Amino acid sequence: GLAPNPALLPERAVSGDLGVAWETRVIEASVTAYYGLYENLITYEFFPPNLPRPYNVPGADVGGTESTLRFTPWRFFAAEANWTWMRTRDLREDPRYHLKALPYRPEHRGHLRLEGGPQVLRVHATLEAQSAQFASRDHRTEIPARALVHAGMTWRTGSAALPLELVFEARNLTDARVHDLAGYPLPPRAFHLSLRAHTGAGGGARTE
């Protein structure tokens, strides 16, 4: 699904990050800021109907923040969220691309998961979202923003020697039409059912 580029050069970077975290009995939170300066950064470009092709950006920088929050006020409920903000810039002097955002790097990306119920039967719901992103360095090709909703439940049974988990998942509940890097459609609404058996000391091994 990708076209080759024998002329690719090795990617090099200098980067750093700084974070702070806070933790209590019911809340865990953290915020991390990061920045990187790249030479010959490898990225992709997609001009349909041609295949995506990797290429080098002679100079680029990438910076932003990553935030996470976990909230567990009760044993039977937990909420977890994370959000990433990322700013990218093409540092080439070419006026066609100078200071434009790099392809395939959405500025915002977030994840929210809610989980609840007794340990024997846990239900969960998940929201995954990201902002629009470009598929070409000149910003003529754009991939729209998207949000995917998933839900499911886990039923725990069996014995101490052989714990079992019956897991049901419904993915992409809204049947959103989204595509991957190469332009191929990702799965529509789908349902999955699996049985997991934990074996070995402490239930360390798992069979599905």
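Start at the largest pocket of this predicted model, which has a volume of about 200 Å³. Select Tyr-104, Pro-106, Arg-109, Gln-130 and Gln-133: of the 13 residues that line the pocket, these are the closest to its centre. Colour the lining by residue class, and five nonpolar, four polar and four charged residues should appear.

Next, select strand S5, residues 108-116. On one pairing, S5 runs antiparallel to strand S4 (residues 77-90), with nine bridges between them. To see one of these positions, pick Ala-81 and look for Leu-112 in S5, its bridge partner.

Now add strand S6, residues 121-130, which also pairs with S5 in the antiparallel sense, over eight bridges. Here, Gly-116 has Val-123 in S6 as its bridge partner. Follow the chain from S5 into S6: the two strands form a hairpin with four residues between them. Stop in the turn at Gly-117, where phi is positive, at about 110 degrees.

Return to S5 and select His-111, which lies in this strand. Is His-111 buried, exposed or partly exposed? Its relative accessibility is 27%, so His-111 counts as partly exposed, since buried means under 20% and exposed over 50%.

Then show what surrounds His-111. Leaving aside neighbours within four places in sequence, the contacts of His-111 are Glu-80, Ala-81, Asn-82, Thr-126, Leu-127 and Glu-128. Ala-81, the bridge partner of Leu-112, is thus listed among the contacts of His-111.

Finish with a distance: draw a line between the C-alpha atoms of His-111 and Thr-68, and it should read 9.4 Å. Along the chain, these two are 43 residues apart.

Key: Residues are numbered from 1 along each chain as its sequence is written. This is a predicted model: local features need pLDDT of at least 70, side-chain atom pairs count only at pLDDT 80 or more; totals for chains, interfaces and linings use all residues. Side-chain values use heavy atoms; hydrogens and water are left out. Buried means under 20% relative accessible area, exposed over 50%, partly exposed in between (1.4 Å probe, protein chains only). Contact means heavy atoms within 4.5 Å. On a 1 Å grid over the protein atoms alone, a cavity is a set of points where a 1.4 Å probe fits but cannot get out, and a pocket is an open set with protein on both sides within 12 Å along at least five of seven lines; lining residues have an atom within 4 Å of a point. Grid points are joined across faces, edges and corners, and a volume is the space filled by probe spheres set on the points. Ala, Val, Leu, Ile, Met, Phe, Trp, Tyr, Cys and Pro count as nonpolar, Asp, Glu, Lys and Arg as charged, and the others, Gly among them, as polar. Two strands pair if DSSP finds at least two bridges between them.
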